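Trainee: Got a minute to go through this one with me? I'd like to start with how some of the helices pack.
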Amino acid sequence: MASQLGLSDRIFSSKADRGLAAAIDTGLDQVEASLLAEVVFADEIANVTSRYLLNAGGKRVRPMLALLTAHLGSGTVPDVVTAAAAIEVTHLASLYHDDVMDDADKRRGVPSAQTVWGNSVAILTGDLLFARASQLMARLGERAIRLQADTFERLVMGQLHETVGPRAGEDPVAHYIQVLSDKTGSLIAAAAQAGIVFSDAPDEFEEPLVTFGEKIGVAFQLIDDVIDLSPQPEETGKVPGTDLRAGVSTLPLLRLRERQGTDASAAELLERLERDVMTPSTTAPGEPTPVADAAIAALRDHDVTHQTLEEAHQWAREAVEALEPLPRGSVKKALTKFAETIVERSS
């Protein structure tokens, strides 16, 4: 964790940096113990299905952010650990639902829950985990309950809008960015905010960190749009163009559609993608074919993908700019490094 946050024991790292990194690692151990203790159900089936993705691992990015921002206040106190665990359980619940909506066959290197037990069990398991996250937050009082409810509402609205698509006359790119903000940015923002609220940090830090979380969440997903086109599945764990093969309109595709009326090459590539990649065929869904692979490679090399990458960097820069009101020190340094790490994933 220290190296991820730019707080590793290098010649220029301060004692405060190393102390913060050690404290976060200790806090993450506490969160992990809390997750293992709280994601337990008396019902045998529920206990197995709810712990399935938890046991598959995960980066614990959201708990890490909550623990990090808490060091602007009283640090890793019990309420912060509880809030961080609740937010991770909320994230875990959303994965069960997302995989059903996306008909995903894998998650965290294992078969997705609905592949193992079917859609209904996967959806109900997600519901159970959302309920358990609410129970955890309820221990922390009304402020925590409202934070959880507001975040849950945005997660659902983001999925709803993604499912329905943009309305007539609505800008597809603006619609897409709002979906990313609701589905990803809201929960990252909630994590950063929880660290402030439950460590009794100064109130004036709350708004900058919410803005940071929202923007870095969008940057994270835009980088994923670029990574989806990566020609190195051994590193990404996915077949190149997985989202496109599933019919998902990522930002490179949306930018390509914007250009089709004025750019003949964009129109030609869009036609290839819609015909060879996004149209159901006699092959299995998502199965690579030479013509599909060639079209995806062409999109990877097209200017719209470079534009997407630059937009991701811009969102990350704006996230860092939002941190201006925070005091200089190890926390601000780590948050800045975190933003840089997010956008460096595509290189």
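Mentor: Sure, and keep in mind that this is a predicted model. Start with H8 and H9: they are roughly antiparallel to each other, because angles over 145 degrees count that way and their axes cross at roughly 165°.

Trainee: Within what distance do the axes of H8 and H9 come?
Mentor: The axes come within 8 Å, with H8 covering residues 142-164 and H9 covering residues 172-197. The crossing is left-handed.

Trainee: Which residues make that contact?
Mentor: On the H8 side they include Arg 143, Leu 147, Leu 155 and Gly 158, and on the H9 side Val 179, Asp 182, Leu 187 and Ala 190 are among them. By class, the contact has 7 nonpolar, 9 polar and 5 charged residues.

Trainee: OK, switching to H15. What span should it have, and how far apart are its ends?
Mentor: H15 runs over residues 290-301, so its 12 residues at 1.5 Å each should span 16 Å; the end C-alpha atoms are 17 Å apart, which agrees.

Trainee: And which H15 residues are buried?
Mentor: Ala 292, Ala 295, Ile 296, Ala 297 and Leu 299. What covers them includes helices H12, H13, H14 and H16.

Trainee: Speaking of H16, I clicked on Thr 308, which sits in that helix. Buried or exposed?
Mentor: Buried, because Thr 308 has 0% relative accessibility and the cut-off for buried is under 20%.

Trainee: What is Thr 308 in contact with?
Mentor: Leaving aside neighbours within four places in sequence, Thr 308 contacts Leu 222, Asp 225, Val 226, Leu 251 and Pro 252.

Methods:
Residues numbered from 1 in each chain as written. Predicted model: local features only at pLDDT ≥ 70, side-chain atom pairs only at ≥ 80, totals over all residues. Heavy atoms only, no water. Axes fitted to C-alpha atoms, helices over the stretch in contact; angles between N-to-C directions. Helix = DSSP H or I, 4+ residues; strand = E, 2+ residues; numbered from the N terminus. Parallel < 35°, antiparallel > 145°, perpendicular 65-115°, else oblique. Left-handed = near helix turned anticlockwise from the far one by under 90°. Contact = heavy atoms within 4.5 Å. Nonpolar A, V, L, I, M, F, W, Y, C, P; charged D, E, K, R; others polar. Expected span 1.5 Å × (residues − 1). Buried < 20%, exposed > 50% of the residue type's maximum accessible area, 1.4 Å probe, protein only.
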